[in-house]
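Trainee: I have a new structure open and would like to learn how to read it. Could you walk me through it, one feature at a time?

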Amino acid sequence: MLKLYVTTRTGKRIAIESEPRRSVMEVMRHENIDEVLALCGGCRSCGTCHVHIDPAMMGSMPPMSSDEDELLEKSLHRTPYSRLSCQIPFNEKVDGLRLTIAQEGSK
Ligand code: FES
(Lines give C-alpha, C1' and ligand atoms only; values in the text may rest on other atoms or scores of the structure.)
Protein backbone atom coordinates (compact mmCIF):
# COMPACT_ATOMS: atom_id res chain seq x y z
CA MET A 1 0.00 0.00 0.00
CA LEU A 2 1.14 3.51 -0.82
CA LYS A 3 0.64 6.62 1.29
CA LEU A 4 -0.78 10.03 0.40
CA TYR A 5 -1.13 12.93 2.83
CA VAL A 6 -3.75 15.52 1.98
CA THR A 7 -4.42 18.89 3.61
CA THR A 8 -7.85 20.25 2.77
CA ARG A 9 -8.74 23.89 2.15
CA THR A 10 -9.81 24.19 5.77
CA GLY A 11 -6.54 22.76 7.05
CA LYS A 12 -7.81 19.28 7.88
CA ARG A 13 -5.10 16.65 7.42
CA ILE A 14 -6.01 13.29 5.96
CA ALA A 15 -3.65 10.31 5.73
CA ILE A 16 -4.59 7.83 3.02
CA GLU A 17 -3.32 4.35 2.29
CA SER A 18 -4.13 3.16 -1.20
CA GLU A 19 -3.20 0.74 -3.89
CA PRO A 20 -1.62 2.34 -6.97
CA ARG A 21 -4.20 4.18 -9.10
CA ARG A 22 -4.30 5.97 -12.41
CA SER A 23 -3.94 9.34 -10.69
CA VAL A 24 -3.65 11.15 -7.37
CA MET A 25 -7.03 12.74 -8.16
CA GLU A 26 -8.62 9.27 -8.29
CA VAL A 27 -7.18 8.38 -4.90
CA MET A 28 -8.72 11.48 -3.33
CA ARG A 29 -12.09 10.90 -5.04
CA HIS A 30 -12.05 7.28 -3.85
CA GLU A 31 -11.58 8.60 -0.31
CA ASN A 32 -14.62 10.88 -0.78
CA ILE A 33 -12.63 14.09 -0.45
CA ASP A 34 -15.33 16.20 -2.03
CA GLU A 35 -13.26 19.39 -2.30
CA VAL A 36 -11.75 17.71 -5.35
CA LEU A 37 -14.60 18.01 -7.83
CA ALA A 38 -12.71 16.58 -10.82
CA LEU A 39 -15.57 17.63 -13.08
CA CYS A 40 -13.91 16.50 -16.30
CA GLY A 41 -13.04 13.08 -14.93
CA GLY A 42 -9.32 13.58 -15.44
CA CYS A 43 -9.15 14.74 -19.05
CA ARG A 44 -7.32 17.97 -18.23
CA SER A 45 -10.10 20.39 -19.04
CA CYS A 46 -11.69 21.59 -15.77
CA GLY A 47 -8.91 22.50 -13.34
CA THR A 48 -11.01 21.43 -10.34
CA CYS A 49 -8.36 18.97 -9.20
CA HIS A 50 -5.74 21.69 -8.59
CA VAL A 51 -3.35 20.96 -5.72
CA HIS A 52 -0.16 22.41 -4.26
CA ILE A 53 2.62 19.85 -3.95
CA ASP A 54 4.98 19.85 -0.95
CA PRO A 55 7.99 21.78 -2.31
CA ALA A 56 10.34 19.03 -1.12
CA MET A 57 8.53 16.56 -3.40
CA MET A 58 8.42 18.55 -6.63
CA GLY A 59 11.33 16.46 -7.93
CA SER A 60 9.08 13.38 -7.95
CA MET A 61 6.53 14.99 -10.24
CA PRO A 62 6.13 14.01 -13.89
CA PRO A 63 6.77 16.74 -16.48
CA MET A 64 3.94 19.22 -17.00
CA SER A 65 2.24 19.30 -20.39
CA SER A 66 1.40 22.58 -22.12
CA ASP A 67 -2.32 21.83 -21.66
CA GLU A 68 -1.88 21.49 -17.90
CA ASP A 69 0.23 24.65 -17.80
CA GLU A 70 -2.43 26.63 -19.68
CA LEU A 71 -5.21 25.39 -17.43
CA LEU A 72 -3.29 26.21 -14.25
CA GLU A 73 -2.56 29.67 -15.61
CA LYS A 74 -6.28 30.44 -15.34
CA SER A 75 -6.26 29.89 -11.57
CA LEU A 76 -5.99 32.78 -9.13
CA HIS A 77 -4.16 30.42 -6.79
CA ARG A 78 -1.37 29.12 -9.00
CA THR A 79 2.00 28.81 -7.28
CA PRO A 80 5.31 27.24 -8.37
CA TYR A 81 4.02 24.08 -6.65
CA SER A 82 0.72 23.85 -8.52
CA ARG A 83 -0.26 20.69 -10.37
CA LEU A 84 -3.43 19.07 -11.61
CA SER A 85 -3.78 15.97 -9.47
CA CYS A 86 -5.36 14.07 -12.37
CA GLN A 87 -2.03 14.33 -14.18
CA ILE A 88 0.04 12.67 -11.45
CA PRO A 89 0.07 8.87 -11.63
CA PHE A 90 -0.26 7.39 -8.14
CA ASN A 91 2.52 4.83 -7.98
CA GLU A 92 5.64 4.01 -5.97
CA LYS A 93 7.40 7.11 -7.38
CA VAL A 94 5.09 9.36 -5.36
CA ASP A 95 4.66 7.16 -2.29
CA GLY A 96 4.35 9.44 0.74
CA LEU A 97 3.33 12.47 -1.35
CA ARG A 98 2.10 15.49 0.62
CA LEU A 99 -0.19 18.03 -0.99
CA THR A 100 -2.72 20.73 -0.19
CA ILE A 101 -5.92 21.22 -2.14
CA ALA A 102 -5.78 24.63 -3.82
CA GLN A 103 -8.41 27.25 -3.16
CA GLU A 104 -11.01 27.77 -5.88
CA GLY A 105 -11.05 30.81 -8.12
CA SER A 106 -10.18 31.62 -11.69
CA LYS A 107 -8.98 34.75 -13.48
S1 FES B 1 -10.05 16.45 -13.17
FE2 FES B 1 -10.43 18.02 -14.62
S3 FES B 1 -8.45 18.86 -14.95
FE4 FES B 1 -8.09 17.30 -13.50
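Mentor: Happy to. Let's begin with a term: a nonpolar core is a set of buried Ala, Val, Leu, Ile, Met, Phe, Trp, Tyr and Cys residues joined through C-beta atoms within 7 Å. Keep in mind that this is a predicted model.

Trainee: Which residues touch the most other members of the largest nonpolar core here?

Mentor: The general idea comes in one line: in soluble globular proteins, nonpolar side chains tend to be buried together. In this structure the largest nonpolar core holds 21 residues, and V24, M25, M28, V36 and C49 touch the most other members. Two or more residues come from each of β1, α1, β3 and β5. The largest share is that of α1, with 4 residues.

Trainee: What does C49 touch, leaving out residues up to four places away in sequence?

Mentor: C49 touches M25, V36, A38, L84, S85 and C86 on that count.

Trainee: Let me step back to the whole chain. In what order do the helices and strands come?

Mentor: Reading from the N terminus, you get β-β-α-β-α-β-β. That makes 2 helices and 5 strands in the protein chain.

Trainee: How does the radius of gyration fit with a compact globule?

Mentor: With 107 residues, a compact globule would have a radius of gyration near 13 Å, and the protein chain has 12 Å, so the two agree. For the outline, the C-alpha atoms fill a box of roughly 35 × 30 × 25 Å along the principal axes. Buried residues make up 27% of the 107 residues. As for the contacts with a separation of 6 or more, 64% of them are between residues 24 or more positions apart.

Trainee: Now the sheet. What is the order of the strands?

Mentor: The order is β2-β1-β5-β3-β4, in an open sheet of 5 strands with mixed pairing. β2 (13-18) and β4 (82-84) are at the edges with a single partner strand each, so one side of each is left without a neighbour in the sheet. On average, neighbouring strands are turned by 35 degrees against each other, direction ignored.

Trainee: Which strands run parallel or antiparallel around β5 and β1?

Mentor: Take β5 (residues 97-101) to begin with: β1 (residues 2-7) runs parallel to it, joined by 4 bridges. Strand β3 (residues 50-53) pairs with β5 in the antiparallel sense over 3 bridges. Then β1 and β2 run antiparallel, joined by 6 bridges.

Trainee: Can we follow single residues across the sheet? Which residues stand opposite Y5?

Mentor: Y5 stands opposite R98 in β5, and also opposite A15 in β2. You can do the same with L99 in β5: L99 is the bridge partner of V6 and also that of I53. T7, for its part, stands opposite T100 in β5.

Trainee: And where do the side chains along β5 point?

Mentor: Here is the general rule: in a regular strand the side chains alternate between the two faces of the sheet. Along β5, L97, L99 and I101 point to one face and are buried, while R98 and T100 point to the other and are not.

Trainee: What should I look for in backbone angles?

Mentor: Most residues other than glycine have a negative phi. Against that background, N32 has a positive phi of about 60 degrees without being a glycine. A38 is another such residue, with phi near 50 degrees. There is also a glycine to look at: G11 takes a positive phi near 90 degrees in the hairpin of β1 and β2, which has 5 residues between the strands.

Trainee: Are N32 and A38 buried or exposed?

Mentor: N32 is found in the loop between α1 and β3, and it counts as exposed because it has 7 C-beta neighbours inside 10 Å. A38 is found in the loop between α1 and β3 too, but A38 is buried, with 21 other C-beta atoms within 10 Å.

Trainee: Where does G42 lie, and what does it touch?

Mentor: G42 lies in the loop between α1 (24-30) and β3. With 18 C-beta neighbours inside 10 Å, G42 counts as partly exposed. Not counting residues up to four places away in sequence, G42 touches S23, M25 and C86. You can also check a distance on screen: the C-alpha atoms of G42 and P20, 22 residues apart along the chain, are separated by 16 Å.

Conventions. Residues numbered from 1 in each chain as written. Predicted model: local features only at pLDDT ≥ 70, side-chain atom pairs only at ≥ 80, totals over all residues. Pairing = 2+ DSSP bridges. Axes fitted to C-alpha atoms, helices over the stretch in contact; angles between N-to-C directions. Buried ≥ 20, exposed ≤ 12 C-beta atoms within 10 Å, placed from the backbone. Rg over C-alpha atoms; globule rule 2.2 N^0.38 Å. Contact = placed C-beta atoms within 7 Å.
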